[in-house]
Amino acid sequence: MAIKIGIIGAGPAGLVTALALEAYCKSTEKVEITLLDKNQSAMDYPGVEYGIQARACLALKQIGIKEKALACGLNTFRISFFNARTNKKQKFGVATNPDLTVTVLRQEFLTELTNLLSHTKIHRQCNVKSIQASPEKVNVFCEGKDGKNEVFDFDVLIAADGIGSIVRKDYFKHENYIHNRGFSCLYMLIELPNDAPNEFKEAANTGECLLVLGKSTTATFFPMGKNRFAVGIGFDEQIQTEIWNLAGVNPNLTWLELDALQKQKIAELLAADCSFQDNILSKSFKWVKDWNSFKIYLWKMRDSDVATQPYNDYGNVIMIGDAAHAIMPTIGMGASLAIEDAEILGRQLAEQILKAKPNFKSALQKYSSDRVPVWKDLIARARAGAKLNFIGIRNKSRLSFGPQIPGRFLWKIIAKIEELIS
Ligand SMILES: Cc1cc2nc3c(=O)[nH]c(=O)nc-3n(C[C@H](O)[C@H](O)[C@H](O)COP(=O)(O)OP(=O)(O)OC[C@H]3O[C@@H](n4cnc5c(N)ncnc54)[C@H](O)[C@@H]3O)c2cc1C
């Protein structure tokens, strides 16, 4: 009889787990994989770009899908720094390996991953409400299309349902583990028309990312290829109140409550604060067709504490990706970490599935003891990145790179020095 694996969430973590299980189990007789997601499709999500970093590229390569999965992206060869206060690009920058650093648009990347699945059954518009586990099986209770209730049962359940994970909240009963980090980022995807001037097209199609020190904000510029670029502008709560007031907008309103003109006004004020490359961002606003579209979206920055025991005592439920460790994008690592989690979990579960007597609990224990220290290190780096580069930036003289430095102890020392001199 095939082992029934259920996965909640068709984000990077859930999709790559399914792809890894398919690749490592090979035969469909041994495993039956079912993916449940509440969204209608991969497009049903506000616009976010991902910098897919080395750990994720290597994981995708291991599964044998790297080229196809990342075909929609643009390879990045350099991260440069720009100081909007002096209007100068810094001489130093960081060279990246273009083969292992790729910028993708979430929706396109997830569509590519979904298309690569061969025998996983996907149930969309399937909103998981609760789960129940016994030593023999895991029941998953969902609200399906048209409000109809559905129940699934699995031998092993993987919760890859993101930061608000229903499994973490209701089954593992973690409380107060999500934190508001006191700043927000406005993400914008700019699509250039074919007849846009060359300087815009060059910036959109060459793999050089830019980190910009604004007067009161921090911007990240990502070329996306195909005549598109994405920009994220980060600012803390004090700056938000000031900018919203300048725009004549009540700071307590949510992004979705603002009208198109108010959104445009706020974007213009933010772009002026961190103006780079001859005001390329402000100038490109004339091509924004709809300020109410999800291509322009304000994210409040939150993260979660690491789930230190992400599996249950029966050894048949495990959390991965943001469900186990939601990390801020201040080091651009969340999706990459989720992909790495997924490849490793898929490989370790497949090893058990292929055995005559699988022992999933020992696999989950080993998985957790290897992964939890990695999660804790990266969450600490992302928190340091937020403190150094996004909160109170008006009073700082430079951007920091410490949290990105390899080496678990070295980055802390460098970040501390940067904190003292910034
Ligand atoms: C503004 C922003 C910028 C970012 N930039 C980067 C970056 O540059 N690089 C990077 O690596 N990471 C980045 N991240 C982080 C990245 O988005 C996450 O870490 C990553 O998406 C986590 O993947 P996941 O699969 O664990 O969860 P998610 O991507 O959140 O996917 C969870 C899935 O579960 C589904 N789901 C949730 N609840 C239920 C339910 N009850 N029933 C059924 N389905 C459910 C959702 O519909 C979703 O499809 C960024 C995040 C944000 C917010």
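Here is a quick briefing on the fold, the ligand shell and a few individual residues of this chain. Keep in mind that the model is predicted. The chain holds 13 helices and 18 strands, and its C-alpha trace spans about 65 × 50 × 40 Å along the principal axes. A ligand sits in a shell of 33 residues, and α11 is the element that gives the most to that shell.

**Overall shape**

- For 422 residues, a compact globule would be expected to have a radius of gyration near 22 Å; the chain comes out at 22 Å, so the two agree.
- Of those 422 residues, 44% are buried.

**Around the ligand**

- The closest of the 33 surrounding residues are G9, G11, G162, G321 and G334.
- Several elements give two or more residues each to this shell: α1 (12–25), β3, β9 (127–133), β13 (178–191), α10 (322–325) and α11 (334–353).
- Helix α11 heads the list of contributors, with 4 residues.
- Sorted by character, the shell has 18 nonpolar, 11 polar and 4 charged residues.

**Helix α11, the top contributor to the shell**

- The 20 residues of α11 should span 28 Å at 1.5 Å a residue, and the end C-alpha atoms are indeed 28 Å apart, so expectation and model agree.
- This helix is largely enclosed by the rest of the structure, because 16 of its 20 residues are buried.
- A335 lies in α11, and this alanine counts as buried because 27 other C-beta atoms lie within 10 Å, where 20 or more is enough.
- If you're tracing contacts by eye, A335 and R78 are 257 residues apart in sequence and 20 Å apart in space, C-alpha to C-alpha.

**Helix α12, with a bend**

- Helix α12 (residues 360–389) has 30 residues, which should span 44 Å at 1.5 Å a residue; its end C-alpha atoms are 42 Å apart, so that agrees too.
- There is a bend of about 30° in α12 at R371, with a proline, P373, following within four residues.
- When you look along a helix like this, remember that an α-helix has 3.6 residues a turn, so residues three or four places apart point the same way.

**Helix α8 and L270**

- L270 belongs to helix α8 (residues 260–273).
- This leucine is buried because it has 25 C-beta neighbours inside 10 Å, and the cut-off is 20 or more.
- L270 and F235 are 35 residues apart along the chain, with their C-alpha atoms separated by 8.9 Å.

**The three-stranded sheet**

- An open sheet of 3 strands runs in the order β3-β7-β4, with antiparallel pairing.
- Its edge strands are β3 (49–52) and β4 (74–75), each of which pairs on one side only.
- Strand β7 (residues 102–105) joins β3 in the antiparallel sense over 4 bridges.
- To find that pairing on screen, start from I52, whose bridge partner in β7 is V102.
- Strand β3 also appears in the ligand story, as one of the elements giving two or more residues to the shell.

**The β9–β10 hairpin and its surroundings**

- β9 and β10 make a hairpin with 4 residues between them.
- The two strands, with β10 covering residues 138–143, pair in the antiparallel sense over 6 bridges.
- A handy landmark is V128, whose bridge partner in β10 is C142.
- E150 sits in strand β11 (residues 149–154), and its C-alpha atom is 9.1 Å from that of V128, 22 residues away along the chain.
- E150 counts as partly exposed because it has 15 C-beta neighbours inside 10 Å, between the cut-offs of 12 and 20.

**Two loop residues with positive phi**

- N87 is in the loop between β5 (78–83) and β6 (88–95), and its phi is near 60°, a positive value in a residue other than glycine.
- N87 is exposed because just 11 other C-beta atoms lie within 10 Å, and 12 or fewer makes a residue exposed.
- Q125 is in the loop between β8 (121–123) and β9, with phi near 50°, again positive in a residue other than glycine.
- Q125 counts as partly exposed, because it has 16 C-beta neighbours inside 10 Å.

Conventions:
Residues are numbered from 1 along each chain as its sequence is written. This is a predicted model: local features need pLDDT of at least 70, side-chain atom pairs count only at pLDDT 80 or more; totals for chains, interfaces and linings use all residues. Two strands pair if DSSP finds at least two bridges between them. The expected span of a helix is 1.5 Å times one less than its number of residues. The bend at a residue is the angle between axes fitted to the seven residues ending there and the seven starting there. A residue is near a molecule or strand if its C-beta atom, placed from the backbone, lies within 6 Å of it. Ala, Val, Leu, Ile, Met, Phe, Trp, Tyr, Cys and Pro count as nonpolar, Asp, Glu, Lys and Arg as charged, and the others, Gly among them, as polar. The radius of gyration is taken over C-alpha atoms; the globule rule is 2.2 Å times the number of residues to the power 0.38.
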